[in-house]
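Reader: I should like a close look at one part of this model, namely the aromatic rings and what surrounds them. Please treat the matter in one connected account.

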Amino acid sequence: MNWPLLYDMQRTLDRRIETEHGLMEEDLFARKQLAFLVELGELANETRCFKFWSIKPPAPAERVLEEYVDGLHFLLSLGLECGLFYEENEAPSAGRPLVEQFLAVFRAAERFGETRARAEYDALFTEYWRLGAALGFSSDDIEAAYRRKNEVNHKRQNERY
């Protein structure tokens with residue numbers, strides 16, 4: 001995974017949004033944290049992994065991947081907000097059932113939100129990447145989908161989304 005490239009792409013998008021919306025002087029951490037958690041919930045909803053009462057299947061893999069990279073955008077942005085960069089290059093293996101992995105990400109996000117510390121950011125990022133593996137996505141899948149969605153996000157800014 002080319003993390004430096006993804007952080008650069010995210011930095012460019014963040015600066016554009018913050019400049020165009022007059023947010024350069026604002027602390028956006030709390031809003032970005034909530035946005036990440038909302039995207040994580042939307043991702044869980046698309047997988048339907050917790051919906052024991054329903055027989056409806058999960059969304060198609062491409063839709064789930066798109067939701068996953070929506071969360072990745074905010075995870076990268078949170079790191080940038082705190083001057084933190086994830087550097088691990090080896091993808092973690094999926095080790096938990098999907099519901100437990102989602103809960104692990106939520107818990108890690110809460111810890112990071114409380115501390116804004118490097119160790120908690122790294123732990124959150126690892127759990128999120130592990131979630132991607134549990135969903136069946138390779139590093140190449142994630143990086144390619146991130147690039148596509150980043151282009152969409154810039155286009156949305158062009159269209160005053």
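Author: In this predicted model, Tyr68 is buried, since its relative accessible area is 2%, below the 20% cut-off for that class. Its ring is paired with that of Phe137: the two centres are 6.2 Å apart and the planes meet at 55°, so the pair is classed as tilted. This contact joins distant parts of the chain, for Tyr68 belongs to helix α3 and Phe137 to the loop between α5 and α6 (139-158), 69 residues away in sequence. Phe137 likewise counts as buried, because its relative accessibility is 11%.

Helix α3, which carries Tyr68, runs over residues 61-82. With 22 residues at 1.5 Å each, α3 should span 32 Å, and the 32 Å between its end C-alpha atoms agrees with that expectation. Just after the helix, Gly83 adopts a positive phi of about 70°.

The tilted pair is one of 14 aromatic pairs in the structure. Another is formed by Phe36 and Tyr128, whose geometry is edge-to-face, with 5.3 Å from centre to centre and 65° between the planes. Phe36 is part of helix α2 (residues 29-47) and Tyr128 of helix α5 (residues 118-134), so this pair ties together parts lying 92 residues apart in sequence. Both partners are enclosed: Phe36 counts as buried because its relative accessibility is 1%, and Tyr128 is buried at 0%.

Aromatic residues also gather in a cluster, made up of Trp3, Phe29, Tyr86, Phe112, Tyr121, Phe125 and Trp129. One of its members, Phe29, has a charged neighbour: Arg116 lies over the face of the Phe29 ring, 3.8 Å from the ring centre.

Helix α3 has a further role in the picture, at the second largest pocket. Together with α1 (3-20), α3 is an element that gives two or more residues to the lining of this pocket. The pocket has a volume of about 160 Å³, and its lining consists of Arg11, Asp14, Arg15, Glu18, Met24, Glu26, Lys32, Leu80 and Glu81. Helix α1 supplies the largest share, four residues. By character, the lining divides into seven charged residues, two nonpolar and no polar ones.

Conventions:
Residues numbered from 1 in each chain as written. Predicted model: local features only at pLDDT ≥ 70, side-chain atom pairs only at ≥ 80, totals over all residues. Heavy atoms only, no water. Expected span 1.5 Å × (residues − 1). Phe/Tyr/Trp six-rings, centres within 6.5 Å; stacked < 30°, edge-to-face > 60°. Buried < 20%, exposed > 50% of the residue type's maximum accessible area, 1.4 Å probe, protein only. Lys NZ or Arg CZ within 6 Å of the ring centre and 35° of its normal. 1 Å grid on protein atoms, 1.4 Å probe; cavity = no way out; pocket = protein on both sides within 12 Å on 5 of 7 lines; lining within 4 Å. Points joined across faces, edges and corners; volume = space filled by probe spheres on them. Nonpolar A, V, L, I, M, F, W, Y, C, P; charged D, E, K, R; others polar.
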